[in-house]
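Work through these exercises with the structure open beside you. Try each task before you read its solution.

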Amino acid sequence: MEYIDLFFPEGFLWGSAAAAHQTEGGNHNNWSEWEKIPGKIKDGTNADVACDHYNRYEEDFDLAKELGHQVHRFSIEWSRIEPSFGKWDYTQIVHYKKVIESLVKRGIQPMVTLHHFTNPVWFAENGDWLNPESPELFGRYCRKIVQELSNYDVIWNTINEPMVVVTIGYLWGDFPPGHNDFGKAIQAAKHLLMAHGQASTQIREVYSEKGLDQPKIAPVLSTSYIMPENPEDPEDLELAEYIDNLYNHLWIESAITGRILNPMGDGQRYAPLENSVDFIGVNYYSRMVVSSKRDFMAGEIAPKDPYRVRCEGLEWEFYPEGYYHQIMDYWKKYQKPIFLTENGIGTSDDRIRQRYIISHLQQVHKAIQDGAKVDGYLVWSLTDNFEWAQGFSSHFGIIECDFDTLKRKPRESAFMLRKIIKDNGLVKETQETYLA
Ligand code: FCB
């Protein structure tokens, strides 16, 4: 195979992403409660200690710096900031200030996610995202955090992967709150949409009250290339289109148009959504093959291709072409800049991770060549961490974490990415070395 140098646009940003509950340890929230229920976490583990990133963030950011990262995406844990309704914990706010300062000190741009899957226990006990007041409750917390952190140069992510929260938590029942109900799923999607609107409104207001320049704001989507099992079967095609719209578009189209679209609403305007999306955060891992002969609503998807490499535990197939497809689809439909906020694979074989990253970056490059405005790429994840329902059995880190000693050790893929960052692209030699 003959490779050519693939350079990325000047100013393209590179780095890694992580989330509070998966790395920090010591959290008490709806997930820590869920982890206590036997059978919910595949390997029976919990995130009580996780990577102890709460105490070791300096060490982790030293590594990120050494590895050439320019951006680090992390989340703030709501349950630390507001452990009971209306009570703010200022020591935790100070903690996150220090986290941001330690990134800034190292020349790394902080990208801060306000919600990455977890909720305070009091919020979960009050109906979670089914509570009609949930968007405002989330907005209050956002206002508090933004008031405290707006003096730093931060890129804001409002909600991480709302449709994952909805699909896995409210439709398939494998994440908290564990519902299996389409009506509830749609209700939760609507409230998460409104919560995104509330968050961005609070951010805009606080910055303008303080006379600061408006920051960049984005929701972060999980996207999957939805394909029909039998492309010749009109029913499969119809289902794929339906799921693509429901999973990949309904929510973001509502956020961008400022209208709560069917089935979440009847297209009514929701003022807080106006001007709520500066760019779209896109997380891509794989494709999803659907069939009209299987019950998608009950979590049934088509069998996996036995010849494709899969992600440890989660069984996501290695399918880089879907990345190009999804980036182009969002770019053409919404014409908003895209930031690739997560991409990676869980594997104990780092050679698979190296191939995965390069193959996916080739697709990103192709999308940029074809006109998509893509501003950056973040690998998931900086270190191995607590992979939700998989526990510690899926290794996503470019840095290995030994969960007995908590020792960190960069993998070859971390050095490969450092070279990619330094070259601002995939030079011929990098592709030859890692795709050989
Ligand atoms: C995404 C989540 C992230 C991580 C990766 C593997 O859906 O945003 O927290 O678990 O998957």
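**Exercise 1.** Find which helix gives the largest share of the lining of the second largest cavity.

*Solution.* Remember that this is a predicted model.
- Step 1: List the lining. It is made up of Met 163, Val 166, Thr 167, Leu 171, Phe 182, Ala 185, Ile 186, Ile 243, Leu 246, Tyr 247 and Phe 296.
- Step 2: Find the helices. H8, helix H9 (182-209) and helix H10 (234-257) each give at least two residues to this lining.
- Step 3: Pick the top supplier. H8 gives the largest share, four residues.
- Step 4: Sort by class. The lining has 10 nonpolar residues, one polar and no charged.
- Step 5: Note the space. The second largest cavity holds about 100 Å³.

**Exercise 2.** Describe the largest cavity: what is its volume, and which element gives the largest share of its lining?

*Solution.*
- Step 1: Count the cavities. The whole structure has seven of 30 Å³ or more.
- Step 2: Take the largest cavity. Its volume is about 120 Å³.
- Step 3: Look at its lining. Of 18 lining residues, Ala 18, Thr 23, His 53, His 72 and Phe 74 are the closest to the centre.
- Step 4: Name the elements. Helix H1 (20-23), helix H3 (53-66), strand E3 (71-75) and helix H5 (90-105) give two or more residues each.
- Step 5: Choose among them. H3 has the largest share, with four residues.
- Step 6: Sort by class. Nine residues of this lining are nonpolar, seven are polar and two are charged.

**Exercise 3.** Now turn to the pockets. Which residues lie closest to the centre of the largest pocket?

*Solution.*
- Step 1: Start with the volume. The largest pocket contains about 860 Å³ of space.
- Step 2: Go to the centre. Among 35 lining residues, the closest are Val 164, Ile 168, Trp 172, Leu 314 and Trp 316.
- Step 3: Trace the elements. Helix H8 (162-171), strand E6 (217-228) and strand E9 (280-290) each supply at least two lining residues. E9 provides the largest share, four residues.
- Step 4: Sort by class. There are 15 nonpolar, 11 polar and nine charged residues.
- Step 5: Turn to the second largest pocket. Its volume is about 230 Å³. Its lining has 16 residues, and Val 154, Ile 155, Pro 215, Lys 216 and Phe 279 lie nearest its centre.

**Exercise 4.** Which residues surround the ligand?

*Solution.*
- Step 1: Collect the neighbours. They include Gln 22, His 116, Asn 160, Glu 161, Trp 316, Glu 342, Glu 387 and Trp 388.
- Step 2: Check Glu 161. A polar atom of its side chain is 2.5 Å from a ligand oxygen atom.
- Step 3: Check Glu 387. Here a polar side-chain atom and a ligand oxygen atom are 2.6 Å apart.
- Step 4: Check Glu 342. An N or O atom of its side chain lies 3.0 Å from an oxygen atom of the ligand.

**Exercise 5.** How many disulfides does the structure have?

*Solution.*
- Step 1: Search the whole structure. The search finds zero disulfides.
- Step 2: Test Cys 401. The nearest cysteine sulfur belongs to Cys 51 and is 4.5 Å away. A disulfide needs two cysteine sulfur atoms within 2.5 Å, so this pair does not count.
- Step 3: Check accessibility. Cys 401 has a relative accessible area of 5%, so Cys 401 is buried.

**Exercise 6.** Is Ser 16 buried or exposed?

*Solution.*
- Step 1: Locate Ser 16. This residue is in strand E2 (residues 13-17).
- Step 2: Read the accessibility. Ser 16 has a relative accessible area of 0%, so Ser 16 is buried.
- Step 3: Find a partner. The side chains of Ser 16 and His 69 are joined by a polar contact of 3.3 Å.

How values were computed: Residues numbered from 1 in each chain as written. Predicted model: local features only at pLDDT ≥ 70, side-chain atom pairs only at ≥ 80, totals over all residues. Heavy atoms only, no water. 1 Å grid on protein atoms, 1.4 Å probe; cavity = no way out; pocket = protein on both sides within 12 Å on 5 of 7 lines; lining within 4 Å. Points joined across faces, edges and corners; volume = space filled by probe spheres on them. Nonpolar A, V, L, I, M, F, W, Y, C, P; charged D, E, K, R; others polar. Buried < 20%, exposed > 50% of the residue type's maximum accessible area, 1.4 Å probe, protein only. Near = heavy atom within 4 Å. Polar contact = N/O pair within 3.5 Å; in protein donor to acceptor, adjacent residues only side chain to side chain.
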